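Colleague: I have the model open at my bench and would love a close look at one part of it. Please walk me through the helix packing there, and then carry on to the DNA contacts.

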There are 2 protein chains.
Amino acid sequence: MSRLAKTDAETVRAHNRLAVLDHLRRVSVSTRKSVSEATGLSVSASSAISASLLRCGILEEVEEDDRSNRRGRPGKGLGLSGGAACVAALKLAVGEVSGRLSDYAGRPLAEIRREVDIASHDGAALVMLLADLCGALRSQAQGRSRPLDKVVVAVQGKTDSGLSGIVWSPALRHRDIEIAAPLTARLGAEVSVLNDCSVMPEAFRWQPDFAGLDFATLFVGFGVGMGLQISGETFQGKRSSAVEFGHINHVPGGALCRCGNRGCVEAYASDYAIWRRAKGTDEIAARRIRDEEIHALAEAARAGDAAAATAFEEAGIAIGYGLGRVFTMIDPLPIVLTGSGVQAIDRLEPVIRRGIAESAVDGLGADTPLILEEDTDALVFDAATAYALAALDKGFSRSAPEATEAA
Amino acid sequence: MSRLAKTDAETVRAHNRLAVLDHLRRVSVSTRKSVSEATGLSVSASSAISASLLRCGILEEVEEDDRSNRRGRPGKGLGLSGGAACVAALKLAVGEVSGRLSDYAGRPLAEIRREVDIASHDGAALVMLLADLCGALRSQAQGRSRPLDKVVVAVQGKTDSGLSGIVWSPALRHRDIEIAAPLTARLGAEVSVLNDCSVMPEAFRWQPDFAGLDFATLFVGFGVGMGLQISGETFQGKRSSAVEFGHINHVPGGALCRCGNRGCVEAYASDYAIWRRAKGTDEIAARRIRDEEIHALAEAARAGDAAAATAFEEAGIAIGYGLGRVFTMIDPLPIVLTGSGVQAIDRLEPVIRRGIAESAVDGLGADTPLILEEDTDALVFDAATAYALAALDKGFSRSAPEATEAA
DNA sequence: AAGACTTTTTCCAAGCCTCGTAAAAAATGG
DNA sequence: CCATTTTTTACGAGGCTTGGAAAAAGTCTT
């Protein structure tokens, strides 16, 4: 058997149509001419493809504003047709579910957040809750939405490699919960279930400053998680869907982690780890440490509280060594940081960089760019939405050329 | 700008020709019909492509032996034409250079190994040495070789991301040595310079048991290195070309490593680390520890020598924790082990598995398959040769359709 | 040993994309 | 109001794959 699949006319059409859609994702409004320039396609091909996509209702002609007295025939603006589809990004975390509804052009239509004690929910209850959330989003969007075409559920915890359910989550008591199939049955939309941290890089899929860039997203808060963007692909493991950065061992036989092992990065750098270290206990708090408590600890550290200062220092070192290990294995990568850790970045950054310097070969990566993103929810919604839209784009590009209708 | 390149007829042809070549790499001899089945191409297309490649001299018709009284017209055997090209795999290590010459079908034509003190060689001397090695290989092959088309140099140490030279090597005193350009000038063949450990997965590129499989190659010996095969691609970093597994930190502030940092895996698991631990010293031996010395230490450990036993135990734990960290980040992967570590595998394997169990989430991967490859040189030659041939295949598949010659 | 049957190859018309060029369309400028 | 510039559409051509028919080259049966 050959690993390489054959290529034929259909593959070519799909690929080039996708290239056109991908370009429009980046620039949002373009013309046939500039599509041709950006994709490398001839103007004829660009025009033909645009025409086909327009007939399908995937694209629409829009008014360009930049009529800045340029000579010649003005290009007709092309843009993704918002009405072509509707996607939902749902987020499932400890004690809360939330979601965002967006149209095919990526414009948000509605957003919602509910504090719910889902710990004891089983599969059926969870699916009902998520379906209900989608309903609430649609009614909040009034008439501006259409039936859902794609739903992406980002969950705290381990998801299965088929993107179909949850293996384990700190938010839930039950394990191995199937989500995709039953939720699809209820909503009529394709459903993918992913780990919240591992999808995060998708948020930057069409952002010009990240084009073609390898980078990592790092979440430091309730837990510690990472998303990896390598050679243009968001890394998804085979076994689970997560880069379990928080559970990379930091110190053999070290502090007890929630996962049962000793010495994980999370056992030093997550909220509960910082909290217990500052409070001088070895126990893992049963309750969730609130972001405000971390703020307060950071304030204390700034004010000279030795225990709090040490807690943040050890957290930073653990993160730094973890990053150093990743950099040694993969490559030094720019880091997008989010979570409660952002609030204490003044405490963390110097020690993180020290940790990298001490653990990476030649200290390479100690000066890597660190980009802060305060709003974790927005980041996850952006990411899950981008993931959903990319999946739709792929489907649309593959679909058969519309039947010739007019005589 | 769009990240997606356009696709046209030329791309299609190149892709499908490559699919045919790729299939022939796996099965070595095939027919037009079975090429069609394996690639998914129609019989017509398979036949047309084969005809074109035959005219180019890239393929040749061969006699099939398995004339096992099957009915119907027998298929004409198709195989890669050995004479179509000639590649050299060179290996540069501490105190020795070696190489293998192969034809386009991958059949070895000559092999050579020279113990040379290259420590003080500069770029010019090194290039001369390598060029001379190629000359010796060709004369050893008698008339069966043709001018070289591609040369791959596998070096112990860090190579640059352009695959053009050596950043640093334990075998050399000089740094930043440019190899590709001057060697190409001398030989007239394309040259790529890669890290020996990171190319190793290429050795399994066309092996059926590894088809589509993600796995890692692990070298434990003079140093500790790793090669990663992930989603069908051999991982090559951007910055260097290596997965610096040996320098992933094991214990913060731990044993001194050759790289200057403290606590690297290599500082526990490489030959010099095992040797110094068994001898009760902290110093890094200036000389290279010979494989026989490791054998002797393993024998001593088996006979009950406590210091030797501890040395191997700590080495195994370091490797196990290192693997656990990799598995946590990427995925549990089957491991192909090579180097002097193979000789002491009875001492190492149990502790390696214990290390994985203690450091990976849920101990996942502690039972990962461990495949032993005693002959490191052969593995590197296989890998570098496969890499070279794959590069040629890509070039051949892209080259213009041969000019129609016959009337 | 000749004809029937099977399987592999080759040959040829057709289809689908893309490409390049020419013509048409839609604005600006003098 | 006409020349100029720029974008879009229209049309013929080329390349590669496809599917079916015909040819080729064996084995099996009578």
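Modeller: Let's start with α9(B) and α10(B), whose crossing is left-handed; that term is used when the near helix is turned anticlockwise from the far one by less than a right angle, and right-handed when clockwise. Please keep in mind that this is a predicted model, where local features need pLDDT of at least 70 and side-chain atom pairs count only at pLDDT 80 or more, while totals for chains, interfaces and linings use all residues. Residues are numbered from 1 along each chain as its sequence is written, chains are lettered from A and ligands numbered from 1 in the order in which they are written, and side-chain values use heavy atoms, with hydrogens and water left out.

Helix α10 of chain B covers residues 306–329, and its axis lies 7 Å from that of α9(B) at an angle of about 110°. Axes here are lines fitted to C-alpha atoms, for helices over the stretch in contact, and angles run from 0 to 180 degrees between N-to-C directions. The two helices are therefore roughly perpendicular (65 to 115 degrees; under 35 is roughly parallel, over 145 roughly antiparallel, and the rest oblique). Helices themselves are DSSP runs of H or I with at least four residues, strands are runs of E with at least two, and both are numbered from the N terminus.

On the α9(B) side, B:Ile294, B:Leu297, B:Ala298, B:Ala300 and B:Ala301 meet B:Ala308, B:Ala309 and B:Phe312 of α10(B), contact meaning heavy atoms within 4.5 Å. By class, this contact has eight nonpolar, no polar and no charged residues (Ala, Val, Leu, Ile, Met, Phe, Trp, Tyr, Cys and Pro are nonpolar; Asp, Glu, Lys and Arg charged; the others, Gly among them, polar).

Helix α9 of chain B (residues 291–302) also has a partner in α8 of chain B (residues 271–279): their axes come within 10 Å and cross at roughly 45°. That makes α8(B) oblique to α9(B), and the crossing is left-handed. B:Asp271, B:Ile274, B:Trp275 and B:Ala278 of α8(B) touch B:Asp291, B:Glu293, B:Ile294 and B:Leu297 of α9(B), giving five nonpolar, no polar and three charged residues.

Now to the DNA. Around strand C there are 27 residues, with A:Arg13, A:Ser42, B:Lys33, B:Ser47 and B:Gly72 coming nearest; a residue is near if one of its heavy atoms lies within 4 Å. Polar contacts are pairs of N or O atoms within 3.5 Å; within protein, one must be able to donate a hydrogen and the other to accept it, and residues adjacent in sequence count only if both atoms are side-chain atoms. The side chain of B:Ser47 places an N or O atom 2.5 Å from a phosphate oxygen of strand C, and the side chain of A:Ser44 has one 2.9 Å from a base oxygen.

Strand D is surrounded by 29 residues, the closest being A:Arg32, A:Ser47, A:Gly72, A:Arg73 and B:Arg13. Of its atoms within 4 Å of the protein, 71% belong to sugar and phosphate. A base oxygen of strand D lies 2.8 Å from a backbone N or O atom of A:Arg73, and another contact puts a polar side-chain atom of A:Arg71 3.3 Å from a base oxygen.
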